[in-house]
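Colleague: Could you walk me through how to read a protein model? I would like the general idea each time, and then the case at hand.

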Amino acid sequence: MLKTRPKKTVCTFDQADFVRGKEKYLCLYDAVTTSSENYAREVLSANDELADTLSSIDFRGITAGILDVAFAPEKGLLIPNKYTAEAQEGKQLCKNRLLKTYGIEGNPYICLMMCRLVKEKGLEKVFDVIDTIRETGGLLVVVGKGKHIYEQQLRKYRRSDGVVYIDRWASPVQAAPLAAGADFYLCPSNTEACGLMPMTASRYGAI
């Protein structure tokens, strides 16, 4: 147990529903942030208890970003091999490691999706193109947990269907090698407040 309270404590959320009903706890923090200035204004315009609470404390929107000191393929941190846009040999080595780790045969192009499995992420659009991905020589790799209906649907797919489902949350240490090994990153979100994973995947050269 901490003997002294940290000098500053900050709570951050990317979806208002995560903190709605917990307004009394938000007042315990020195500051509360969300994923953008636009979203902060949207939350404050709701005219509900959450908006009233946030209006009375230090609340602001901060544009999301990634820690590019760590998520840097040219430094090779967290990934099997380093690479750059000019020298991409290491990118293929990272892909080879991904294929070996998950027992994927051949050299299909990899479409990666890492997210909460909820309606907002546009998963139905991904299910609609699974056949196209498989028929054109690709493989869909989905990492995440969420609504039971989506987890159940993903578990029905087999590798022969062109899908590998990894039913867990990806930590940053796991997410970096996956992004480095992927050729494409799928993010057809119905709503996307910040898009940290697409930003991270782009940093690793996943289109």
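**Reading a model step by step**

Modeller: Happy to, and we can begin with two helices that cross: the crossing of helix 4 and helix 8 is left-handed. Keep in mind that this is a predicted model.

Colleague: At what angle do helix 4 and helix 8 pack, and how far apart are their axes?

Modeller: The general idea is that two packed helices are described by the angle between their axes and the distance between the axes. Here, helix 4 covers residues 89–101 and helix 8 covers residues 172–181; the angle is about 115° and the axes are 7 Å apart. That makes the two helices roughly perpendicular.

Colleague: Which residues make the contact between them?

Modeller: Helix 4 contributes Lys91, Cys94, Lys95 and Leu98. From helix 8 come Pro177, Leu178, Ala179, Ala180 and Gly181. Sorted by character, the residues of this contact are 6 nonpolar, 1 polar and 2 charged.

Colleague: Let me step back to the whole chain. How many helices and strands does the chain have?

Modeller: There are 9 helices and 7 strands. The C-alpha trace spans about 55 × 40 × 35 Å along its principal axes. The chain has 207 residues, and 38% of them count as buried. You can also ask how far along the sequence the contacts reach: among those between residues at least 6 apart, 63% join residues at least 24 apart.

Colleague: Where should I look for a nonpolar core?

Modeller: In soluble globular proteins, nonpolar side chains tend to be buried together. In this model, the largest nonpolar core has 18 residues. Those with the most contacts inside this core are Ile104, Ile110, Leu112, Met114, Val141, Val143 and Leu178. Helix 4, helix 8, strand 4 (109–114), strand 5 (138–143) and strand 6 (163–166) each supply at least two of its residues. Another core, of 15 residues, lies apart from this one and includes Met113, Ile130, Leu154 and Val163.

Colleague: What does Met114 touch, setting aside neighbours within four places in sequence?

Modeller: Met114 is in contact with Val143, Ala170, Ala175, Leu178, Ala179, Tyr185 and Met197.

Colleague: And Ile110, is that residue buried or exposed?

Modeller: Ile110 sits in strand 4. Its relative accessible area is 0%, so Ile110 is buried. Look at its position in space too: Ile110 and Ala182 are 72 residues apart along the chain, yet their C-alpha atoms are separated by 5.1 Å. Leaving aside neighbours within four places in sequence, Ile110 contacts Lys95, Leu99, Ile104, Leu139, Val141, Gly181, Ala182, Asp183 and Phe184.

Colleague: Can a loop residue be read in the same manner?

Modeller: Let us try Leu117, in the loop between strand 4 and helix 5 (123–128). Leu117 is buried, with a relative accessible area of 0%. Beyond four places in sequence, its contacts include Leu123, Val142, Tyr150, Leu154 and Tyr165. From Leu117 to His148 there are 31 residues in sequence and 8.5 Å in space, C-alpha to C-alpha.

Colleague: What about Ser36: where is its place?

Modeller: Ser36 is in the loop between strand 2 (31–34) and helix 2 (37–44). Buried means under 20% relative accessible area. Ser36 has 16%, so it counts as buried. Not counting residues up to four places away in sequence, Ser36 touches Gly61, Ile62 and Thr63.

Colleague: Which helix holds Phe127?

Modeller: Phe127 lies in helix 5. With a relative accessible area of 12%, Phe127 is buried. Apart from neighbours within four places in sequence, Phe127 is in contact with Tyr150, Gln153, Leu154 and Tyr157.

Colleague: One last feature, the backbone angle phi. What is the value for Asn47?

Modeller: Phi of Asn47 is near 60°, a positive value in a residue other than glycine. Asn47 is found in the loop between helix 2 and helix 3 (49–55). Asn47 is exposed, with a relative accessible area of 69%. Leu78 also has a positive phi, near 70°. Leu78 lies in the loop between strand 3 (59–61) and helix 4, and at 38% relative accessibility Leu78 counts as partly exposed.

Key: Residues are numbered from 1 along each chain as its sequence is written. This is a predicted model: local features need pLDDT of at least 70, side-chain atom pairs count only at pLDDT 80 or more; totals for chains, interfaces and linings use all residues. Side-chain values use heavy atoms; hydrogens and water are left out. Axes are lines fitted to C-alpha atoms, for helices over the stretch in contact, and angles run from 0 to 180 degrees between N-to-C directions. Helices (H or I, at least four residues) and strands (E, at least two) are DSSP runs, numbered from the N terminus. Angles under 35 degrees count as roughly parallel, over 145 as roughly antiparallel, 65 to 115 as roughly perpendicular and the rest as oblique. A crossing is left-handed if the near helix is turned anticlockwise from the far one by less than a right angle, and right-handed if clockwise. Contact means heavy atoms within 4.5 Å. Ala, Val, Leu, Ile, Met, Phe, Trp, Tyr, Cys and Pro count as nonpolar, Asp, Glu, Lys and Arg as charged, and the others, Gly among them, as polar. Buried means under 20% relative accessible area, exposed over 50%, partly exposed in between (1.4 Å probe, protein chains only). A nonpolar core is a set of buried Ala, Val, Leu, Ile, Met, Phe, Trp, Tyr and Cys residues joined through side-chain atoms within 4.5 Å.
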